[in-house]
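Subject: Structure handover

Hello,

Here is the structure for your files. My notes on it follow below.

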Amino acid sequence: MFLPSVSLGSLAFYAFMVLMASLGLWDVFFGFEENKCSMSYMFEYPEFQKIQLPKKVAKRYPSYELYLYGEGSYAEEHKILPLTGIPVLFLPGNAGSYKQVRSMGSIALRKAEDIDFKYHFDFFSVNFNEELVALYGGSLQKQTKFVHECIKAILRLYKGQEFAPKSVAIIGHSMGGLVARALLTLRNFKQDLLNLLITQATPHVAPVMPLDRFITDFYMTVNNYWILNARHINLTTLSVAGGFRDYQVRSGLTFLPKLSHHTTALSVVSSAVPKTWVSTDHLSIVWCKQLQLTTIRAFFDLIDADTKQITQNPKKKLSVLNHHFIRHPAKHFEEKPAIISDLTVTPLWVPVKVSKWSYVAYNESDNIYFTFPLANHRKIYSHAYCQSTMLDTNSWIFGCINSTSMCQQGVDLSWKAELLPTIKSLTLRLQDYPSLSHLVVYVPSIHGSKFVVDCEFFIKETRSIQLQVTHLFSFGLSSRTVKLNTNGLFYNIELLNFGQIYQAFQVNVDSKCSGVKEEITSIYKLHIPWSYEDSLTIAQVPSSTEISLKLHVAQPDNDSHVALLKMYTSSDCEYEVTIKTSFSQILGQVIA
């Protein structure tokens, strides 16, 4: 009588475990946002010119090849060597094709045409014969040595040119990024041959599936070398993860180790990249138009005007990558931006003395400077916040020093602003700018365009609201709610005790608006201060909007920052934020 009861109990237990695993797998494979990447298209027929390698190299690596990407007249011209551009080498990943280079190569070609080929990039790609290196690591070392030979062959193609390159940039997809990092472990490899490494969806931390000792040994060799030699590695490296859409490589695996001595490495999730703001799956990361546009813009800003090649200055390289991939101020990159700007002489200087102000600009005939005297505001408020729906790259907000009502020169505060999908915004802590007497907002004369500029002064405590997340084992049966019923433009909701990967929550934002005839856009931004994995949700209010809160990287033990839900709101609306545990997403986080 005892055995049947044990059997039934075991059967029930196994059935329960299968159910939990099924829920978790469903969340991993289907519980993410839809693909919001735009497809990148070629403007002309793509051509891949095979590069002739030395006979010894071709004989040693008969399965591998090197190609140069081209389109139309550019492809025809470059069949006659030597080359004159800036070399970039693309390395495909597990079972990847060398033809995946075409998206970034085509976009770079269009960008070069826009500037009349003042500068242009030559995109090369390696054919690894679509080897399954994520399943069998025996070929990884061979691929690494072949890439070394390719770099030397590429640089020979520029021999004798006035601005011949001495190094190449590498873009590595998936395991191709790991192969690029492995170059530094080769005995006879010179680090000066690489000037930049960008990896896309590369599992740097550990293999996704450690199926054999070859792959685990390869990872150990590469990561140990980078850790032990961090002081001597000057290679600027950017790792871009795909986010939750990439269920093949969890984004937490793509983050390069934060070493105190290695300050030239950045890791970011595509959902946090300015002007991209989307999650990509493992394959779309190489053709996602938003991300590739950002990447190519960065490449052109990295060019040194004197050498006509990618700059050798590590500070500039890091500054460019921060500008395009971390925080974009809605201005074109400048290596040394002017702090003081001349303000155009105009009769229209309009003083604004209220603490909350909004201006709708439409068919303005004259330039207008709106000035906000700060003396009285400092006595009451701690911060100033301004936003504009005019998303051009011109300076728009300044600070006057010791001025009575107007100033001929001002501190350009536009560089402190942040670009978001529908606005550019700036928050200033007034005590950080004691010498400023006025805040100045510039509204240009633009015909046929309508945009809105808003400013307000506030006390920080009135815009920071604490929200304790629900318990892990509440199973979504309980929830917590906060209401934003004042007329502010910006709020920070502090998500207390949210810092572990196994946590997952569903947030619902209900908005109700009064006296509004047309839809208004609000932005809800999940900001994770210990890693660059922010995500944005754009909502047309009034509405009810669902947001998933999950982490790629757990909060470090020595980090005291708090995750934030930053809400860019409308002063005509009231918002109610409700959070509850999402059990299915927890299972998905555990399985992933």
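In which hand does α8 pass α9? The crossing is right-handed. Please keep in mind throughout that this is a predicted model.

Helix pairs

Helix α8 covers residues 289-301, and its axis comes within 10 Å of that of α9, with a crossing of roughly 150°. An angle over 145 degrees counts as roughly antiparallel, so α8 is roughly antiparallel to α9. On the α8 side the contact is made by Leu-291, Thr-294, Thr-295, Arg-297, Ala-298 and Asp-301. On the α9 side the residues are Lys-316, Val-320, His-324 and Phe-325. Sorted by class, the contact of α8 with α9 has four nonpolar, three polar and three charged residues.

The other helix pair in these notes is α5 (residues 140-156) with α6 (residues 175-182). Their axes come within 9 Å and cross at roughly 65°, which makes α5 roughly perpendicular to α6. The crossing of α5 and α6 is right-handed. From α5, the contact uses Leu-140, Gln-143, Thr-144 and Val-147; from α6, it uses Met-175, Val-179 and Ala-182. Five of the residues in the contact of α5 with α6 are nonpolar and two are polar, with no charged residue.

The eight-stranded sheet

One open sheet has eight strands in the order β1-β2-β4-β3-β5-β6-β7-β8, and its pairing is mixed. At its edges are β1 (46-50) and β8 (265-269). Each of these has a single partner strand, so one side of each has no neighbour in the sheet. From one strand to the next, the twist averages 25°. Helix α9 (residues 314-325) packs on this sheet and touches β6 (194-200), β7 (237-241) and β8. The direction of α9 makes about 10° with that of β8. Helix α9 therefore has two sets of contacts in these notes, being roughly antiparallel to α8 and packed on the sheet.

Within the sheet, strand β3 (residues 86-91) pairs with strand β5 (residues 168-173) in the parallel sense, over four bridges. Val-88 stands opposite Ala-169 in β5.

Strand β2 (residues 65-71) contains Glu-71. Is Glu-71 buried or exposed? Its relative accessibility is 0%, so Glu-71 counts as buried. Leaving out residues up to four places away in sequence, Glu-71 touches Met-42, Phe-43, Glu-44, Tyr-45, Pro-46, Ser-106, Leu-109 and Arg-110.

The five-stranded sheet

A second open sheet has five strands, ordered β13-β21-β15-β19-β18, with antiparallel pairing. Its edge strands are β13 (356-362) and β18 (418-419), each of which pairs on one side only. Strand β13 is joined by seven bridges to strand β21 (residues 450-458), and the two run antiparallel. Lys-356 stands opposite Glu-456 in β21.

Strand β15 (residues 383-388) has six of its six residues buried, so this strand is largely enclosed by the rest of the structure. His-383, Tyr-385 and Gln-387 point one way from β15, while Ala-384, Cys-386 and Ser-388 point the other way. Residues of both sets are buried.

Which strands does β15 pair with? One is strand β19 (residues 424-429), joined to β15 by six bridges and running antiparallel. Ala-384 of β15 stands opposite Leu-428 in β19. Another is β21, also antiparallel and also joined to β15 by six bridges. There, Tyr-385 has Glu-456 as its bridge partner. Glu-456 of β21 thus stands opposite Lys-356 and is the bridge partner of Tyr-385.

A residue in β25

Gln-506 lies in strand β25 (residues 504-513). With 24% relative accessibility, Gln-506 counts as partly exposed. Setting aside neighbours within four places in sequence, Gln-506 is in contact with Glu-546, Ile-547, Thr-578, Ile-579, Lys-580 and Ser-582. How far apart are Gln-506 and His-173 in sequence and in space? They are 333 residues apart in sequence and 32 Å apart in space, C-alpha to C-alpha.

Regards

Note on methods. Residues numbered from 1 in each chain as written. Predicted model: local features only at pLDDT ≥ 70, side-chain atom pairs only at ≥ 80, totals over all residues. Heavy atoms only, no water. Axes fitted to C-alpha atoms, helices over the stretch in contact; angles between N-to-C directions. Parallel < 35°, antiparallel > 145°, perpendicular 65-115°, else oblique. Left-handed = near helix turned anticlockwise from the far one by under 90°. Contact = heavy atoms within 4.5 Å. Nonpolar A, V, L, I, M, F, W, Y, C, P; charged D, E, K, R; others polar. Pairing = 2+ DSSP bridges. Buried < 20%, exposed > 50% of the residue type's maximum accessible area, 1.4 Å probe, protein only.
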